[in-house]
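The exercises that follow are meant for someone meeting this structure for the first time. Please work through each task with the sequence and the model at hand before reading its solution.

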Amino acid sequence: MNKLFYGDNLSVMRRMPAESVDLIYLDPPFNSNRSYNLLYKNTTGLPIPEQIEAFCDTWELDYEKSAIAHDIPGIMQKYGIQNDVVQFWYYLVTALKSTNPRLLAYLVYMTIRLIEMHRILKPAGSLYLHCDPTASHYLKIVMDSVFGQNQIRNEIIWHYKRYTAKSGQFQKLHDVLFWYSKTNDYTFNDMREDYGAKSGINDSHYKQDENGKWFRWQKRKGADPYKVYLSEGRRMGDVWEIPFINASSKERLGYPTQKPLALLERIIKASSKENDVVFDPFCGCGTTVEAAIKNHRQWIGCDIAIHSIKLIQDTRIKKYGFVENVEYTIEGIPQSIEQARYLFEQDPFQFQYWAVEKTGGFCSNKKTADKGIDGRIYFETGNVLSSMVLSVKGGNIKPGDIRELRGVLEREKGTEMAGFICLKKPTKAMEQEADAAGFYEYHGVKYPRIQILTIEDIFNGKNWCCPSVVKTVRKERGETFLAL
Ligand SMILES: C[S@@+](CC[C@H](N)C(=O)[O-])C[C@H]1O[C@@H](n2cnc3c(N)ncnc32)[C@H](O)[C@@H]1O
């Protein structure tokens with residue numbers, strides 16, 4: 001059962017059976033102004049534009065999200081959500097469209113995913129939605145709509161200490177997590193914490209029993225008092241003090257939004273049993289995966305970024321000696337031409353992302369993809385970053401595709417070369433088109449300006465012929481940065 005999915009969680013969840021997971025924790029990207037996916041420190045000091053823009057799409061009310069926004073009340077109705085809630089959404093969508101389209105885009109993105117999460121959750125299952133204040137109040141409305149407003153079990157405050165530079169307001173020292181259960185018959189293991197330093201044996205209410213154990217009497221209305229032992233600790237509250245991952249944290253993997261293992265362990269211990277299935281649809285560097293392994297749960301992680309999947313494999317999973325295809329599997333990363341073809345048929349966008357990343361490139365956001373650019377390879381020339389634009393075609397190909405790519409190459413500033421990736425074998429005419437683009441010369445070396453790679457070439461170890469490429473390298477301490 002243990003699985004890592006590389007891909008968009010929406011398409012992954014749509015393929016998952018109903019009522020198949022016991023616990024879901026999600027920590028989605030929130031704020032488009034922060035570079036959530038800025039995973040690399042660049043040795044050149046020059047930013048990689050795709051890294052900054054990766055999540056801006058989430059907040060853009062593009063044509064697709066506009067259409068879904070329009071359909072949201074209908075989608076909810078079809079899912080069985082009450083009519084008055086559906087009506088409310090009809091008005092909310094209409095209002096947000098003109099007042100805050102970016103927030104609407106985000107809520108649309110989250111709503112369609114939360115409906116899937118509700119579907120795949122078992123009746124005794126729980127979902128923990130990790131928010132920051134940017135949209136938490138709106139997300140609560142989405143959760144109330146999808147799960148029902150009586151299904152909230154707690155609003156948990158994760159309180160941490162850190163120094164924030166922004167002045168003129170109180171320091172932001174907490175995150176909010178909403179815990180919802182699917183039904184009222186849900187898994188919950190009583191969680192205890194030590195009494196604070198002030199209580200305990202110095203408290204005159206405590207006495208020792210015949211075995212020397214400290215206890216106090218607890219009164220009950222209409223019944224005899226009962227003994228409460230100090231060693232049992234007290235029932236845990238909904239404000240959790242757990243240290244933030246900072247630069248000196250031992251568990252730090254260099255992933256900017258990494259959450260502490262202690263936070264995930266607490267959630268897993270409280271809301272699941274041994275061997276239950278824990279699912280994290282935005283698994284990042286795999287904190288949930290490690291917490292599940294450590295606590296003997298089965299796990300499913302999903303992330304849209306291939307470096308996240310690799311990082312989890314190389315660190316979290318490796319640490320526990322799990323063997324791929326024995327103790328866990330990875331899905332969505334083709335290992336053969338047949339699997340690549342299958343990925344293309346199932347999910348053409350994911351195929352594009354995979355192909356670009358497989359050759360060391362960075363995927364484009366939607367806007368540049370629309371201009372015929374699916375990704376870029378970066379290389380340093382003098383003090384600037386130059387690039388090679390990439391175009392990926394999984395279906396039929398023709399010489400016109402290469403002519404178009406040449407047009408892109410001529411149009412895009414700072415672009416010296418272009419690469420064409422295809423599943424099918426290119427024709428002679430396509431190769432001639434590519435050759436006609438000539439060479440790019442750097443430091444006396446000539447590089448073909450347009451190059452073609454088939455997926456078969458890539459599996460055979462072939463790659464782009466260009467000046468030293470800017471690519472990802474991870475240092476031993478888990479720091480991720482770009483090296484030349
Ligand atoms: C805030 S981070 C999660 C961090 C994680 N909790 C941890 O401790 O490492 C959000 C993650 O969601 C991933 N992501 C964004 N959109 C996604 C999508 N549609 N499907 C799957 N993963 C996605 C990003 O690549 C990123 O790794």
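Two residues are in contact if their C-beta atoms, placed from the backbone, lie within 7 Å. The model is a predicted one, and residues are numbered from 1 along each chain.

**Exercise 1. The residue just after H8**

Find where His 296 sits, decide whether it is buried or exposed, and work out which residues distant in sequence it touches.

Solution. Begin with the location: His 296 lies in the loop between H8 and E14, and just after H8 it takes a positive phi of about 60°. Next count neighbours, keeping in mind that a residue with 12 or fewer other C-beta atoms within 10 Å is exposed; His 296 has 11 C-beta neighbours inside 10 Å and therefore counts as exposed. Finally, setting aside residues up to four places away in sequence, His 296 touches Glu 274 and Asn 275. The C-alpha atoms of His 296 and Asn 275 are 6.0 Å apart in space, although the two residues are 21 apart in sequence.

**Exercise 2. The surroundings of H8**

Determine how many of the residues of H8 are buried, and name elements that cover them.

Solution. The count comes first: seven of the eight residues of H8 are buried, so that the helix is mostly covered. Those buried residues are Thr 287, Thr 288, Val 289, Glu 290, Ala 291, Ala 292 and Ile 293. The cover over them includes two helices and three strands that can be located in turn, namely H7 and helix H9 (306–319), together with strand E2 (21–26), strand E13 (277–280) and strand E14 (298–303).

**Exercise 3. H7 against H8**

Describe how H7 and H8 cross, and say which residues make their contact.

Solution. Start from the axes: those of helix H7 (residues 261–271) and helix H8 (residues 287–294) come within 9 Å and cross at roughly 55°. That angle makes H7 oblique to H8, and the crossing of the two helices is right-handed. On the H7 side the contact is made by Leu 261, Leu 264, Glu 265 and Ile 268, and on the H8 side by Thr 287, Thr 288, Glu 290, Ala 291, Ala 292 and Lys 294. Sorted by class, the residues of this contact of H7 with H8 are five nonpolar, two polar and three charged.

**Exercise 4. H3 against H4**

Work out whether H3 and H4 are roughly parallel or roughly antiparallel, and list the residues that meet.

Solution. The axes of helix H3 (residues 63–79) and helix H4 (residues 83–99) come within 9 Å, and they cross at roughly 170°. Since angles over 145 degrees count as roughly antiparallel, H3 and H4 are therefore roughly antiparallel to each other. From H3, the residues Ala 69, Ile 72, Pro 73, Met 76 and Gln 77 meet Val 85, Val 86, Trp 89, Tyr 90, Val 93 and Lys 97 of H4. By class, this contact of H3 with H4 has nine nonpolar residues, one polar and one charged.

**Exercise 5. Positive phi in two loops**

For Asn 325 and for His 443, find the loop that holds the residue and decide whether the residue is buried or exposed.

Solution. Asn 325, which is not a glycine, has a positive phi of about 70°, and its place is in the loop between H9 and strand E15 (329–331). With 7 other C-beta atoms within 10 Å, Asn 325 is exposed. Turning to His 443, its phi is near 55°, again a positive value in a residue other than glycine, and His 443 is placed in the loop between strand E20 (439–442) and strand E21 (445–448). With 6 C-beta neighbours inside 10 Å, His 443 counts as exposed.

**Exercise 6. A residue in a strand**

Place Glu 155 and list its contacts, leaving aside neighbours within four places in sequence.

Solution. Glu 155 belongs to strand E5 (residues 152–159), and with 13 C-beta neighbours inside 10 Å it counts as partly exposed. Beyond its sequence neighbours within four places, Glu 155 is in contact with Val 176, Phe 178 and Asp 238. From C-alpha to C-alpha, Glu 155 and Leu 177 are 5.8 Å apart in space, while 22 residues apart in sequence.

**Exercise 7. The ligand**

State how many residues surround the ligand and how they divide by class.

Solution. The ligand is surrounded by 18 residues, of which the closest are Asp 27, Thr 257, Phe 282, Gly 284 and Thr 287. The residues of this shell divide into seven nonpolar, seven polar and four charged. Thr 287 also appears among the buried residues of H8.

Terms used
This is a predicted model: local features need pLDDT of at least 70, side-chain atom pairs count only at pLDDT 80 or more; totals for chains, interfaces and linings use all residues. Axes are lines fitted to C-alpha atoms, for helices over the stretch in contact, and angles run from 0 to 180 degrees between N-to-C directions. Angles under 35 degrees count as roughly parallel, over 145 as roughly antiparallel, 65 to 115 as roughly perpendicular and the rest as oblique. A crossing is left-handed if the near helix is turned anticlockwise from the far one by less than a right angle, and right-handed if clockwise. Ala, Val, Leu, Ile, Met, Phe, Trp, Tyr, Cys and Pro count as nonpolar, Asp, Glu, Lys and Arg as charged, and the others, Gly among them, as polar. A residue is near a molecule or strand if its C-beta atom, placed from the backbone, lies within 6 Å of it. A residue is buried if 20 or more other C-beta atoms lie within 10 Å of its own, exposed if 12 or fewer, and partly exposed in between; C-beta atoms are placed from the backbone.
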